[in-house]
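Please open the model in your viewer and keep the sequence panel beside it, since this tour moves from one selection to the next. At each stop, make the selection first and then read on.

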Amino acid sequence: MVKSFRVSDLQTLLASMGRSKSGLKQDLVGRALRLVQTECSPELLKNIRQLLNGLAKPPPSDVRLVDLPFYHTLETLLPPTELIPQNSEKLQDSPCTFELTHSQVDQIRNSRELRPGMKSVQVALRICYTDSSSPQEDQYPPNIAVKVNQAYCHVPGYYPSNKPGVEPRRPCRPINVTPWLHLSTATNRITVTWGNFGKVPSTDTALTALTRPSTRPWEGFSSPVLSPSVQRYCVALYLVQVFTSADLFSKLKRFSVESSERCRELIQDKLRFDPDSEIATTGLRVSLICPLVKMRLGVPCRVLTCAHLQCFDAVFFLQMNEKKPTWTCPVCDKPAPFALLIIDGLLSDILTETDEEVEEIEYLADGSWRPIRAEKEKERERERSNTPEFPTVDICSPEANGHSPAHSSTSLSGKSGVTGGAVVDLTQDSSSEEEEGGGAGDSEDTDDSQDSPQPKRGRYGYDKDLVTAY
């Protein structure tokens, strides 16, 4: 237990018991072990317990994490603190201890269940880059593993990639550690294991940092200066309220609905005549099909900062971001944060007034609209108007006068006044046609044909001299 103390903790323990605090870490550890073995007083046990529990609060950090739509921060248990490698090992362990208050425990116990075994109030572990220039998104270090009270908790896995040559991507989101915590005032211990594949600080720099006094509760989180090329990470703990996509949809309907009058004003602004423009826009077409699921819109939604009027379905958009948060507009691929989403009141009225067959509308310059019929429906009506009406003939039943169906069809077509093409009687034998054709050819021979030799004809009546073999 004493061997896991930092240099600053060992110096604090030895100084509180009146012992020398000078020397290297191995000297301080040996001195502290001898103190525990020879003098096990209540004051010594109290000092060791305070160092283990990390009663001293960490200083405020400049790193800020972005607000997440599905998480509302209730309290900060541990502010963002940097993960610092302590040696040259590839895998580093950074442990932390903290306690929950009675009110925090009651909040967790009395919260509603999102699903069996998962409460809506949780303790969330968040990890991000160490960058104070702007709010940071969640980002995991390589080879991350989280152990809570000697049990490994679940960390989101990788998304499979359908594209060849593209590596799977891990969804970085807050890690719920609540199921493995002691829901009491007992001490909880969390250890973050992470891969250190950057440059380790030099020995002099590390020793200087280790001898610097620190009151942070994260053991091994002193701050030696690392190379700028090394990516550094921060870790934090929060008590959060978790929302579902249905909760966000209810909030969206309650606070973010744009009226029909405001939507018409926006349309008129976009279609207002501009004398400086060479192109005059008289209408804007908007599809009633959601670009996400290729179905008719249920609740039309768009982003305030997007220039287009095309909407997507709010319910499907929130459900997809609940499973895989991207918050990107499916129409123009620009950022679509939840705070900028609105429900289009005018398009909602249009969806209730139009039939299911209408898939597209056009906004006009005065703020009105008209339905756009589908091209298939136009072609169907065009064919219906241009197709002539012909009499229907049943070729399967012979006529009463003994003629073939082909003869009857020509007679009917003649009666109707429609001139048709040549009709072939399929009931006659091909051999009879050849005999008739041969007889007609003999009767029409001239004197010239008798003087010249008759060309050789094949079976099907073509000149054999004109046939070329390939």
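In which loop does Gln150 lie? Select Gln150 in this predicted model, and you will find it in the loop between strand S6 (145-148) and strand S7 (151-152). Its backbone deserves a look, since Gln150 has a positive phi of about 70° although it is not a glycine. With a relative accessible area of 63%, Gln150 is exposed.

**A pair of helices at the start of the chain**

Now select helix H1 (residues 7-16) together with helix H2 (residues 25-38), which pack at an angle of about 40° with their axes 10 Å apart. H1 and H2 are therefore oblique to each other, and H1 passes H2 in a left-handed crossing. To see the contact itself, show the side chains of Val7, Leu10, Gln11, Leu13 and Leu14 on H1, and those of Lys25, Leu28, Val29, Arg31, Ala32 and Leu35 on H2. Sorted by class, the residues of this contact of H1 with H2 comprise eight nonpolar, one polar and two charged.

**A second pair of helices**

Move on to helix H6 (residues 245-255) and helix H8 (314-323). The two pack at an angle of about 140°, and their axes are 9 Å apart. H6 and H8 are therefore oblique to each other, and here H6 passes H8 in a right-handed crossing. On the H6 side the contact is made by Ser245, Leu248, Phe249 and Leu252, while H8 contributes Ala314, Val315, Leu318, Gln319 and Glu322. By class, the contact of H6 with H8 holds six nonpolar, two polar and one charged residues.

**The loop after H8**

From H8, follow the chain towards strand S15 (341-344), and stop in the loop between them, where both Trp327 and Cys329 are found. Trp327 is not a glycine, yet it has a positive phi of about 50°. At a relative accessibility of 14%, Trp327 counts as buried, because the cut-off for that label is under 20%.

Is Cys329, in its turn, buried or exposed? Cys329 is buried, with a relative accessible area of 0%. If you leave aside its neighbours within four places in sequence, the residues in contact with Cys329 are Val303, Cys306, His308, Phe312, Lys334 and Ala336. Among them, Val303 is worth selecting with Cys329: the two are 26 residues apart along the chain, and their C-alpha atoms are separated by 7.5 Å.

**A sheet of four strands**

Next, select the strands of the open sheet whose order is S11-S15-S13-S14, and note that its pairing is mixed. Strand S11 (257-258) and strand S14 (312-313) stand at the edges, each with a single partner strand, so one side of each is left without a neighbour in the sheet.

The mixed pairing can be followed on S15. S11 and S15 run parallel and are joined by two bridges, and the bridge partner of Glu258 in S15 is Asp344. Strand S13 (residues 300-303) and S15, by contrast, run antiparallel and are joined by three bridges; Cys301 stands opposite Ile343 in S15. Both faces of S15 are covered, with Leu341 and Ile343 on one side and Ile342 and Asp344 on the other, all of them buried.

**A sheet of three strands and its helices**

For the last stop, which order do the strands of the antiparallel open sheet of three take? The order is S12-S16-S17, and the edge strands are strand S12 (283-287) and strand S17 (369-372), each of which pairs on one side only. From one strand to the next, the twist averages 25°.

Strand S16 (residues 360-364) pairs with S17 in the antiparallel sense over four bridges, and if you select Tyr363 you can look across to its bridge partner in S17, Trp369. Add helix H7 (residues 260-271) to the view: this helix packs on the sheet, touching S12 and S16, and its direction makes about 70° with that of S16. Finally add helix H9 (residues 345-353), which also packs on the sheet, touching S12, S16 and S17, with a direction that makes about 130° with that of S16.

Key:
Residues numbered from 1 in each chain as written. Predicted model: local features only at pLDDT ≥ 70, side-chain atom pairs only at ≥ 80, totals over all residues. Heavy atoms only, no water. Buried < 20%, exposed > 50% of the residue type's maximum accessible area, 1.4 Å probe, protein only. Contact = heavy atoms within 4.5 Å. Pairing = 2+ DSSP bridges. Axes fitted to C-alpha atoms, helices over the stretch in contact; angles between N-to-C directions. Parallel < 35°, antiparallel > 145°, perpendicular 65-115°, else oblique. Left-handed = near helix turned anticlockwise from the far one by under 90°. Nonpolar A, V, L, I, M, F, W, Y, C, P; charged D, E, K, R; others polar.
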